[in-house]
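Here are some short exercises, each with a worked solution. Have the viewer open and try each task before you read on.

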Amino acid sequence: IKKVMPIPKAHYGGRHTVTLLPGAGIGPELMNYVKEVFSYAGVPVDFEDVEIDPNANDNVDLDYAITSIRRNGVALKGNIETRSTEAGVLSRNVALRNELDLYVNVLHCVSYPGVNSRHKNIDIVIVRQNTEGEYAMLEHESVNGVVESMKVITSVNSERVARYAFEYAKRNGRKKVTTVHKANIMKLSDGLFLEISKKVAKDYPDITHNNMIIDNTCMQLVSNPHQFDIILTTNLYGAIVSNVVCGLLGGAGLLAGKNFGDHYTIFEPGTRNTGTGIAGKNIANPIAMLNAAVDMLRHLGHKHHASLIQNAINKTINQGVHTRDLGGQATSREVVDTIMKHIKTAYD
Ligand code: ADP
Ligand code: MG
(Lines give C-alpha, C1' and ligand atoms only; values in the text may rest on other atoms or scores of the structure.)
(Ligands and ions follow the chains in the order given, each with its own letter.)
Protein backbone atom coordinates (compact mmCIF):
# COMPACT_ATOMS: atom_id res chain seq x y z
CA ILE A 1 0.00 0.00 0.00
CA LYS A 2 1.21 3.48 -0.80
CA LYS A 3 1.83 5.42 2.38
CA VAL A 4 0.42 8.69 1.10
CA MET A 5 -2.48 9.16 -1.29
CA PRO A 6 -1.33 11.45 -4.10
CA ILE A 7 -2.96 14.85 -4.10
CA PRO A 8 -3.27 16.73 -7.39
CA LYS A 9 -0.97 19.71 -7.72
CA ALA A 10 -2.68 23.08 -7.70
CA HIS A 11 -2.65 25.32 -10.75
CA TYR A 12 -1.53 28.91 -10.93
CA GLY A 13 -2.78 30.88 -7.94
CA GLY A 14 -3.27 27.73 -5.88
CA ARG A 15 -6.50 26.77 -7.65
CA HIS A 16 -7.65 23.19 -8.16
CA THR A 17 -10.02 21.86 -10.79
CA VAL A 18 -12.28 19.01 -9.74
CA THR A 19 -14.70 16.91 -11.74
CA LEU A 20 -18.34 17.43 -10.76
CA LEU A 21 -20.74 14.59 -11.43
CA PRO A 22 -24.18 15.90 -10.39
CA GLY A 23 -25.96 12.61 -11.10
CA ALA A 24 -29.73 12.24 -10.86
CA GLY A 25 -32.52 13.09 -8.39
CA ILE A 26 -31.39 15.65 -5.83
CA GLY A 27 -27.78 15.54 -7.11
CA PRO A 28 -27.94 18.65 -9.34
CA GLU A 29 -29.62 20.90 -6.73
CA LEU A 30 -27.16 19.79 -4.03
CA MET A 31 -24.24 20.56 -6.37
CA ASN A 32 -25.62 24.04 -6.94
CA TYR A 33 -25.56 24.63 -3.19
CA VAL A 34 -21.96 23.47 -3.06
CA LYS A 35 -21.03 25.88 -5.86
CA GLU A 36 -22.88 28.70 -4.14
CA VAL A 37 -21.21 28.10 -0.77
CA PHE A 38 -17.76 27.70 -2.38
CA SER A 39 -18.11 30.90 -4.32
CA TYR A 40 -19.43 32.75 -1.24
CA ALA A 41 -16.50 31.54 0.85
CA GLY A 42 -13.98 32.30 -1.91
CA VAL A 43 -12.82 28.69 -2.25
CA PRO A 44 -10.05 28.38 -4.88
CA VAL A 45 -11.66 25.45 -6.70
CA ASP A 46 -13.04 25.30 -10.24
CA PHE A 47 -15.51 22.65 -11.34
CA GLU A 48 -15.58 20.66 -14.54
CA ASP A 49 -19.22 19.60 -14.84
CA VAL A 50 -19.76 16.19 -16.41
CA GLU A 51 -23.28 14.94 -17.14
CA ILE A 52 -23.95 11.27 -17.68
CA ASP A 53 -27.08 10.57 -19.72
CA PRO A 54 -28.94 7.78 -17.87
CA ASN A 55 -30.72 6.70 -21.06
CA ALA A 56 -27.63 6.23 -23.16
CA ASN A 57 -27.01 2.68 -24.24
CA ASP A 58 -23.33 3.27 -24.73
CA ASN A 59 -20.56 4.36 -22.38
CA VAL A 60 -19.43 7.54 -24.13
CA ASP A 61 -20.44 9.81 -21.23
CA LEU A 62 -18.99 7.43 -18.69
CA ASP A 63 -15.69 7.24 -20.53
CA TYR A 64 -15.54 11.02 -20.63
CA ALA A 65 -16.21 11.18 -16.87
CA ILE A 66 -13.38 8.73 -16.25
CA THR A 67 -11.03 10.76 -18.47
CA SER A 68 -11.96 13.91 -16.57
CA ILE A 69 -11.32 12.31 -13.17
CA ARG A 70 -8.00 10.91 -14.38
CA ARG A 71 -7.06 14.42 -15.43
CA ASN A 72 -8.20 16.19 -12.26
CA GLY A 73 -7.52 13.41 -9.76
CA VAL A 74 -10.57 14.28 -7.71
CA ALA A 75 -14.36 14.28 -8.16
CA LEU A 76 -17.44 15.30 -6.23
CA LYS A 77 -20.31 13.03 -7.10
CA GLY A 78 -24.06 12.60 -6.84
CA ASN A 79 -25.71 9.26 -7.48
CA ILE A 80 -25.77 8.41 -11.19
CA GLU A 81 -28.81 6.70 -12.54
CA THR A 82 -28.69 3.64 -14.78
CA ARG A 83 -32.13 3.57 -16.29
CA SER A 84 -31.51 0.74 -18.70
CA THR A 85 -32.23 -2.64 -17.15
CA GLU A 86 -30.56 -4.50 -19.99
CA ALA A 87 -28.11 -6.97 -18.53
CA GLY A 88 -25.31 -5.52 -20.67
CA VAL A 89 -25.62 -2.01 -19.26
CA LEU A 90 -23.79 -1.96 -15.96
CA SER A 91 -24.30 0.45 -13.08
CA ARG A 92 -22.26 3.54 -13.88
CA ASN A 93 -21.56 4.11 -10.21
CA VAL A 94 -19.98 0.69 -9.91
CA ALA A 95 -18.21 1.01 -13.28
CA LEU A 96 -16.59 4.31 -12.18
CA ARG A 97 -15.25 2.83 -8.97
CA ASN A 98 -13.97 -0.26 -10.72
CA GLU A 99 -12.37 1.56 -13.64
CA LEU A 100 -10.55 3.98 -11.33
CA ASP A 101 -9.70 1.15 -8.92
CA LEU A 102 -11.19 2.97 -5.94
CA TYR A 103 -10.79 -0.05 -3.72
CA VAL A 104 -11.80 1.47 -0.43
CA ASN A 105 -14.86 3.39 0.75
CA VAL A 106 -14.52 5.23 4.05
CA LEU A 107 -17.36 6.66 6.13
CA HIS A 108 -16.50 8.49 9.30
CA CYS A 109 -19.77 8.46 11.24
CA VAL A 110 -19.82 10.97 14.10
CA SER A 111 -22.96 12.11 15.94
CA TYR A 112 -24.04 15.73 15.77
CA PRO A 113 -25.02 16.87 19.28
CA GLY A 114 -27.83 18.95 17.75
CA VAL A 115 -29.51 16.05 15.96
CA ASN A 116 -32.10 13.97 17.75
CA SER A 117 -31.03 10.36 17.44
CA ARG A 118 -31.45 7.04 19.18
CA HIS A 119 -27.87 7.02 20.46
CA LYS A 120 -25.54 9.88 21.42
CA ASN A 121 -21.78 10.26 20.91
CA ILE A 122 -21.31 7.67 18.22
CA ASP A 123 -17.94 7.71 16.45
CA ILE A 124 -17.53 4.79 14.05
CA VAL A 125 -15.37 4.51 10.95
CA ILE A 126 -16.57 2.11 8.27
CA VAL A 127 -13.87 0.84 5.89
CA ARG A 128 -15.51 -1.04 3.05
CA GLN A 129 -14.07 -2.96 0.11
CA ASN A 130 -15.37 -0.99 -2.84
CA THR A 131 -14.67 -2.85 -6.09
CA GLU A 132 -15.55 -6.52 -5.84
CA GLY A 133 -17.57 -8.96 -3.73
CA GLU A 134 -21.25 -9.03 -4.67
CA TYR A 135 -20.70 -5.98 -6.89
CA ALA A 136 -18.68 -7.95 -9.43
CA MET A 137 -21.75 -7.59 -11.70
CA LEU A 138 -21.28 -11.10 -13.02
CA GLU A 139 -24.78 -12.54 -13.23
CA HIS A 140 -26.41 -14.86 -15.69
CA GLU A 141 -29.46 -17.06 -16.10
CA SER A 142 -27.93 -20.49 -16.52
CA VAL A 143 -31.24 -22.16 -17.40
CA ASN A 144 -34.73 -20.74 -17.37
CA GLY A 145 -35.62 -19.71 -13.80
CA VAL A 146 -32.13 -20.21 -12.41
CA VAL A 147 -29.94 -17.14 -11.93
CA GLU A 148 -26.38 -17.30 -10.76
CA SER A 149 -24.47 -14.34 -9.37
CA MET A 150 -20.76 -14.35 -8.69
CA LYS A 151 -19.30 -12.96 -5.52
CA VAL A 152 -15.62 -12.32 -6.11
CA ILE A 153 -13.19 -12.00 -3.21
CA THR A 154 -9.48 -11.69 -3.97
CA SER A 155 -6.58 -11.81 -1.55
CA VAL A 156 -5.02 -8.72 -3.18
CA ASN A 157 -8.05 -6.51 -2.62
CA SER A 158 -8.81 -8.00 0.80
CA GLU A 159 -5.28 -7.18 1.88
CA ARG A 160 -5.34 -3.64 0.47
CA VAL A 161 -8.53 -2.75 2.28
CA ALA A 162 -7.43 -4.43 5.52
CA ARG A 163 -4.12 -2.51 5.44
CA TYR A 164 -6.03 0.67 4.83
CA ALA A 165 -8.18 0.02 7.93
CA PHE A 166 -5.24 -0.75 10.22
CA GLU A 167 -3.14 2.13 8.88
CA TYR A 168 -6.11 4.42 9.43
CA ALA A 169 -6.37 3.14 12.99
CA LYS A 170 -2.68 3.70 13.62
CA ARG A 171 -2.60 7.21 12.21
CA ASN A 172 -5.79 8.38 13.83
CA GLY A 173 -5.27 6.94 17.30
CA ARG A 174 -8.02 4.36 16.93
CA LYS A 175 -7.97 1.30 19.18
CA LYS A 176 -9.96 -1.47 17.53
CA VAL A 177 -10.80 -2.95 14.14
CA THR A 178 -13.78 -5.30 13.78
CA THR A 179 -13.92 -7.44 10.63
CA VAL A 180 -17.55 -7.96 9.62
CA HIS A 181 -18.29 -11.06 7.52
CA LYS A 182 -20.42 -14.18 7.04
CA ALA A 183 -17.63 -16.70 6.96
CA ASN A 184 -19.72 -19.25 8.85
CA ILE A 185 -21.81 -19.66 5.66
CA MET A 186 -19.58 -18.32 2.88
CA LYS A 187 -16.55 -20.21 4.07
CA LEU A 188 -14.34 -19.70 1.03
CA SER A 189 -15.10 -16.11 0.02
CA ASP A 190 -15.75 -14.40 3.35
CA GLY A 191 -13.36 -16.92 4.88
CA LEU A 192 -10.55 -15.49 2.76
CA PHE A 193 -11.46 -11.91 3.64
CA LEU A 194 -11.47 -12.77 7.35
CA GLU A 195 -8.27 -14.80 7.20
CA ILE A 196 -6.42 -11.96 5.48
CA SER A 197 -7.65 -9.38 7.96
CA LYS A 198 -6.33 -11.59 10.77
CA LYS A 199 -2.98 -11.83 9.02
CA VAL A 200 -2.75 -8.06 8.53
CA ALA A 201 -3.79 -7.50 12.17
CA LYS A 202 -0.60 -9.26 13.28
CA ASP A 203 1.40 -6.31 11.93
CA TYR A 204 -0.50 -3.97 14.26
CA PRO A 205 -0.06 -5.38 17.78
CA ASP A 206 -1.27 -2.14 19.42
CA ILE A 207 -4.66 -2.34 17.73
CA THR A 208 -7.25 -4.80 18.98
CA HIS A 209 -8.78 -6.96 16.28
CA ASN A 210 -12.00 -8.92 16.54
CA ASN A 211 -14.60 -10.15 14.07
CA MET A 212 -18.37 -10.34 13.94
CA ILE A 213 -21.00 -11.93 11.70
CA ILE A 214 -22.92 -9.37 9.61
CA ASP A 215 -26.37 -10.19 11.04
CA ASN A 216 -25.17 -9.88 14.63
CA THR A 217 -23.36 -6.66 13.66
CA CYS A 218 -26.63 -5.08 12.52
CA MET A 219 -28.27 -6.03 15.82
CA GLN A 220 -25.29 -4.82 17.88
CA LEU A 221 -25.15 -1.55 15.95
CA VAL A 222 -28.75 -0.80 16.80
CA SER A 223 -28.59 -1.91 20.45
CA ASN A 224 -25.01 -1.16 21.52
CA PRO A 225 -23.16 0.90 18.89
CA HIS A 226 -20.51 2.25 21.26
CA GLN A 227 -18.61 -1.04 21.18
CA PHE A 228 -17.50 -0.27 17.58
CA ASP A 229 -14.46 1.73 16.59
CA ILE A 230 -13.44 0.77 13.02
CA ILE A 231 -15.54 -1.66 11.00
CA LEU A 232 -13.71 -3.45 8.16
CA THR A 233 -15.95 -5.27 5.73
CA THR A 234 -16.76 -6.47 2.22
CA ASN A 235 -18.73 -4.52 -0.37
CA LEU A 236 -22.37 -5.51 0.20
CA TYR A 237 -22.12 -5.80 3.99
CA GLY A 238 -20.45 -2.40 3.90
CA ALA A 239 -23.43 -0.94 2.04
CA ILE A 240 -25.82 -2.34 4.65
CA VAL A 241 -23.78 -1.38 7.69
CA SER A 242 -23.24 2.15 6.30
CA ASN A 243 -26.96 2.64 5.97
CA VAL A 244 -27.63 1.30 9.46
CA VAL A 245 -25.08 3.67 11.00
CA CYS A 246 -26.21 6.67 8.94
CA GLY A 247 -29.77 5.87 9.97
CA LEU A 248 -28.73 5.83 13.63
CA LEU A 249 -27.09 9.24 13.29
CA GLY A 250 -29.86 11.03 11.45
CA GLY A 251 -30.41 9.54 7.99
CA ALA A 252 -29.29 9.90 4.40
CA GLY A 253 -28.87 13.67 4.43
CA LEU A 254 -26.00 14.11 6.85
CA LEU A 255 -22.86 12.08 6.37
CA ALA A 256 -20.31 12.00 3.59
CA GLY A 257 -18.22 9.16 2.18
CA LYS A 258 -14.85 8.94 0.42
CA ASN A 259 -13.74 6.52 -2.27
CA PHE A 260 -9.98 6.05 -2.40
CA GLY A 261 -7.62 4.30 -4.73
CA ASP A 262 -3.89 4.72 -5.16
CA HIS A 263 -4.42 7.50 -7.72
CA TYR A 264 -7.90 9.03 -7.57
CA THR A 265 -10.50 10.05 -5.01
CA ILE A 266 -14.25 10.52 -5.28
CA PHE A 267 -16.27 12.30 -2.59
CA GLU A 268 -20.01 11.78 -2.26
CA PRO A 269 -22.89 11.53 0.25
CA GLY A 270 -22.35 8.52 2.51
CA THR A 271 -25.47 6.53 1.65
CA ARG A 272 -25.28 7.17 -2.11
CA ASN A 273 -28.99 7.92 -2.51
CA THR A 274 -30.62 9.38 -5.57
CA GLY A 275 -33.50 10.97 -3.65
CA THR A 276 -35.71 10.97 -6.73
CA GLY A 277 -38.87 11.32 -4.65
CA ILE A 278 -37.75 14.59 -3.04
CA ALA A 279 -35.99 16.20 -6.01
CA GLY A 280 -36.86 19.78 -6.97
CA LYS A 281 -38.95 20.41 -3.84
CA ASN A 282 -36.51 22.47 -1.81
CA ILE A 283 -36.65 19.88 1.00
CA ALA A 284 -33.54 17.71 0.48
CA ASN A 285 -30.94 17.99 3.19
CA PRO A 286 -27.91 19.70 1.61
CA ILE A 287 -25.54 18.74 4.45
CA ALA A 288 -24.23 15.36 3.23
CA MET A 289 -23.07 16.81 -0.09
CA LEU A 290 -21.59 19.86 1.63
CA ASN A 291 -19.74 17.57 4.04
CA ALA A 292 -18.42 15.63 1.04
CA ALA A 293 -17.25 18.93 -0.44
CA VAL A 294 -15.51 19.84 2.84
CA ASP A 295 -13.75 16.45 2.87
CA MET A 296 -12.61 17.19 -0.66
CA LEU A 297 -11.18 20.56 0.38
CA ARG A 298 -9.21 18.89 3.21
CA HIS A 299 -7.89 16.32 0.75
CA LEU A 300 -6.72 19.09 -1.58
CA GLY A 301 -5.01 20.89 1.27
CA HIS A 302 -7.44 23.82 1.42
CA LYS A 303 -7.61 23.55 5.20
CA HIS A 304 -8.69 27.11 5.89
CA HIS A 305 -11.76 26.92 3.67
CA ALA A 306 -12.55 23.41 4.85
CA SER A 307 -12.67 24.51 8.50
CA LEU A 308 -14.56 27.68 7.65
CA ILE A 309 -17.36 25.77 5.92
CA GLN A 310 -17.26 22.88 8.40
CA ASN A 311 -17.75 25.23 11.34
CA ALA A 312 -20.63 26.96 9.58
CA ILE A 313 -22.28 23.59 8.89
CA ASN A 314 -21.86 22.45 12.50
CA LYS A 315 -23.30 25.69 13.88
CA THR A 316 -26.26 25.44 11.55
CA ILE A 317 -27.05 21.86 12.54
CA ASN A 318 -26.47 22.33 16.23
CA GLN A 319 -28.65 25.46 16.40
CA GLY A 320 -31.52 23.36 15.05
CA VAL A 321 -31.90 24.57 11.46
CA HIS A 322 -33.03 21.17 10.20
CA THR A 323 -34.73 19.88 7.07
CA ARG A 324 -37.66 17.47 7.38
CA ASP A 325 -35.52 14.32 7.33
CA LEU A 326 -34.08 15.52 10.67
CA GLY A 327 -37.52 16.35 12.03
CA GLY A 328 -37.27 20.08 11.25
CA GLN A 329 -39.19 22.59 9.14
CA ALA A 330 -36.37 24.29 7.27
CA THR A 331 -36.09 24.20 3.49
CA SER A 332 -32.84 23.31 1.75
CA ARG A 333 -32.51 27.02 0.89
CA GLU A 334 -32.84 28.09 4.53
CA VAL A 335 -30.16 25.63 5.63
CA VAL A 336 -27.77 26.90 2.95
CA ASP A 337 -28.55 30.55 3.79
CA THR A 338 -27.84 29.89 7.46
CA ILE A 339 -24.52 28.27 6.58
CA MET A 340 -23.57 31.29 4.48
CA LYS A 341 -24.55 33.64 7.31
CA HIS A 342 -22.12 31.79 9.59
CA ILE A 343 -19.41 32.02 6.95
CA LYS A 344 -19.97 35.77 6.76
CA THR A 345 -19.82 36.10 10.56
CA ALA A 346 -16.50 34.26 10.61
CA TYR A 347 -15.09 36.89 8.22
CA ASP A 348 -16.57 39.93 10.03
P1 ADP B 1 -35.33 7.37 -4.03
O2 ADP B 1 -36.25 6.25 -4.19
O3 ADP B 1 -36.02 8.70 -3.90
O4 ADP B 1 -34.21 7.37 -5.00
P5 ADP B 1 -33.25 6.84 -2.22
O6 ADP B 1 -33.03 5.38 -2.20
O7 ADP B 1 -32.36 7.64 -3.06
O8 ADP B 1 -34.73 7.15 -2.58
O9 ADP B 1 -33.15 7.42 -0.75
C10 ADP B 1 -33.64 6.72 0.37
C11 ADP B 1 -34.39 7.63 1.28
O12 ADP B 1 -33.53 8.65 1.79
C13 ADP B 1 -35.53 8.33 0.58
O14 ADP B 1 -36.60 8.39 1.49
C15 ADP B 1 -34.98 9.70 0.29
O16 ADP B 1 -35.99 10.66 0.24
C17 ADP B 1 -34.09 9.92 1.51
N18 ADP B 1 -32.98 10.85 1.21
C19 ADP B 1 -31.90 10.61 0.45
N20 ADP B 1 -31.09 11.66 0.40
C21 ADP B 1 -31.66 12.64 1.15
C22 ADP B 1 -31.33 13.98 1.49
N23 ADP B 1 -30.20 14.57 1.05
N24 ADP B 1 -32.17 14.68 2.29
C25 ADP B 1 -33.28 14.12 2.76
N26 ADP B 1 -33.67 12.85 2.48
C27 ADP B 1 -32.87 12.12 1.69
MG1 MG C 1 -32.48 4.99 -4.71
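For sorting residues by character, Ala, Val, Leu, Ile, Met, Phe, Trp, Tyr, Cys and Pro count as nonpolar, Asp, Glu, Lys and Arg as charged, and the others, Gly among them, as polar. Keep in mind that this is a predicted model.

**Exercise 1. The ligand shell**

Task: Find which residues surround ligand 1, and sort them into nonpolar, polar and charged.

Solution. Start by listing the shell: I26, A252, G253, N273, T274, G275, T276, G277, I278, A284, N285 and D325 surround ligand 1. Next, apply the classes given above. The shell divides into 4 nonpolar, 7 polar and 1 charged.

**Exercise 2. Backbone contacts of the ligand**

Task: Work out how far polar backbone atoms of G275 and T276 lie from an oxygen atom of ligand 1, do the same for a backbone N or O atom of G277, and then ask how much of the ligand is covered by the protein.

Solution. Take the residues in sequence order. For G275, the separation between a polar backbone atom and a ligand oxygen is 2.6 Å. For T276, the corresponding value is 2.8 Å. For G277, a backbone N or O atom sits 3.0 Å from an oxygen atom of ligand 1. Then turn to the surface: ligand 1 taken alone exposes 550 Å², of which the protein buries 61%.

**Exercise 3. The nonpolar cores**

Task: Locate the largest nonpolar core and say which residues have the most contacts inside it.

Solution. Begin with the count: the largest nonpolar core holds 62 residues, and F38, L76, M296, I309 and I313 have the most contacts inside it. Now see where its members come from: helix 8 (residues 287-300) gives the largest share, 9 residues. Then pick out M296 and leave aside residues up to four places away in sequence; M296 touches V18, F38, V45, F47, V74, L76 and F267. Finally, look apart from this core to find another of 23 residues, including A169, F193, L232 and F260.

**Exercise 4. An asparagine in a strand**

Task: Decide whether N105 is buried or exposed, and find its side-chain partner.

Solution. First, place the residue: N105 belongs to strand 4 (residues 104-110). Buried means under 20% relative accessible area. N105 has 2% relative accessibility, so N105 counts as buried. Its side chain makes a polar contact of 3.0 Å with that of N259. Beyond four places in sequence, N105 touches I126, V127, R128, N130, K258, N259, E268 and R272.

**Exercise 5. A glycine in a loop**

Task: Say where G73 sits and which residues it touches.

Solution. G73 lies in the loop between helix 2 (60-72) and strand 3 (74-77). Its relative accessible area is 8%, so G73 is buried. Leaving out residues up to four places away in sequence, G73 touches P8, H263, Y264 and T265. By contrast, the C-alpha atom of H342, 269 residues apart from G73 along the chain, is separated from that of G73 by 30 Å.

**Exercise 6. Positive phi**

Task: Compare the surroundings of N121 and M137, and classify the exposure of N121 and of M137.

Solution. Take N121 first: its phi is near 55 degrees, a positive value in a residue other than glycine. N121 is in the loop between strand 4 and strand 5 (123-129). With a relative accessible area of 67%, N121 is exposed. Now M137: its phi is positive, about 55 degrees, although M137 is not a glycine. M137 is in the loop between strand 5 and strand 6 (139-143). At 25% relative accessibility, M137 counts as partly exposed.

Note on methods: Residues numbered from 1 in each chain as written. Chains lettered and ligands numbered in written order. Predicted model: local features only at pLDDT ≥ 70, side-chain atom pairs only at ≥ 80, totals over all residues. Heavy atoms only, no water. Core = buried A, V, L, I, M, F, W, Y, C linked by side-chain atoms within 4.5 Å. Buried < 20%, exposed > 50% of the residue type's maximum accessible area, 1.4 Å probe, protein only. Helix = DSSP H or I, 4+ residues; strand = E, 2+ residues; numbered from the N terminus. Contact = heavy atoms within 4.5 Å. Near = heavy atom within 4 Å. Polar contact = N/O pair within 3.5 Å; in protein donor to acceptor, adjacent residues only side chain to side chain. Areas by Shrake-Rupley, 256 points an atom, 1.4 Å probe, with all protein chains shown as cover.
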